[in-house]
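Trainee: Could you take a close look at one part of this model with me? I'd like to start from a pocket and see what surrounds it.

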Amino acid sequence: MKFIADLHIHSKFSIATAKNLDLENLYIAAQLKGITVIGTGDFTHPGWFAELKEKLVPAEPGLFKLKDKIAEICDKVVPIACRSKVRFILSCEISNIYKKDGRVRKNHNLIFIPDLEKAESLNKKLDKIGNIKSDGRPILGLDAKKPA
């Protein structure tokens, strides 16, 4: 099965992103661009996570869709020829900056989670490690090769 996906997305809660970068606009843009699966980005941010829980419902395993009433409103601005099914996958990026073997290491990890409960559990663990509230893509001092 072929499909187009954009899995590295950020939300309006990330520094230096558009303030209208919400689920509705991601949904509309995905249809206009022919994208079938789009990452939510930033599920670690409490404000964004609250919006994800409010506006998304499970679709296929590991994928979500906008609630029907929200999708219907969004579809009105999408040309009929562009309308298609759009699914969301829960995703986030963690920026890791840490010292190892006397050197500063920097890397970014993309994380994909199948459901809101597991995302919430991970958020609680990450909140104990660093500040996940200040930016949609938190900077944590985690070694990418060593589990938290």
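How do the residues of the lining of the second largest pocket divide into nonpolar, polar and charged?

Mentor: That lining divides into 4 nonpolar, 3 polar and 5 charged residues (Ala, Val, Leu, Ile, Met, Phe, Trp, Tyr, Cys and Pro count as nonpolar, Asp, Glu, Lys and Arg as charged, the others, Gly among them, as polar). Keep in mind that this is a predicted model, where local features need pLDDT of at least 70 and side-chain atom pairs pLDDT 80 or more, while totals for chains, interfaces and linings use all residues. Numbering runs from 1 along each chain as its sequence is written, and side-chain values use heavy atoms, with hydrogens and water left out.

The pocket (on a 1 Å grid over protein atoms alone, an open set of points taking a 1.4 Å probe, with protein on both sides within 12 Å along at least five of seven lines; lining residues have an atom within 4 Å of a point) holds about 150 Å³ of space, the volume filled by probe spheres set on the points, which are joined across faces, edges and corners. Going round the pocket, you'll meet Thr-44, His-45, Pro-46, Phe-49, Ala-50 and Lys-53, among others. Further along the sequence, the lining includes Glu-120, Asn-123, Lys-124, Asp-127, Ile-132 and Lys-133. Helix 2 (46-55) and helix 4 (116-129) each put in at least two of the lining residues (helices are DSSP runs of H or I, at least four residues, and strands runs of E, at least two, numbered from the N terminus).

Now follow helix 2 away from the pocket. Its axis comes within 11 Å of the axis of helix 1 (residues 23-33), and the two cross at roughly 65° (axes are lines fitted to C-alpha atoms over the stretch in contact, with angles from 0 to 180 degrees between N-to-C directions). Helix 1 and helix 2 are therefore roughly perpendicular, a label for 65 to 115 degrees. Leu-23, Glu-24 and Leu-26 of helix 1 meet Trp-48, Glu-51, Leu-52 and Lys-55 of helix 2, counting heavy atoms within 4.5 Å. This contact has 4 nonpolar, no polar and 3 charged residues.

Trp-48 turns up again: the whole structure has 1 aromatic pair, and Trp-48 shares it with Phe-13. The two rings sit 6.3 Å centre to centre with 55° between the planes, a tilted pair (centres within 6.5 Å, using the six-membered ring of Trp; under 30 degrees is stacked, over 60 edge-to-face, the rest tilted). Phe-13 lies in the loop between strand 1 (5-6) and helix 1, and Trp-48 in helix 2, so the pair ties together parts that are 35 residues apart in sequence.

How values were computed. Angles under 35 degrees count as roughly parallel, over 145 as roughly antiparallel, 65 to 115 as roughly perpendicular and the rest as oblique.
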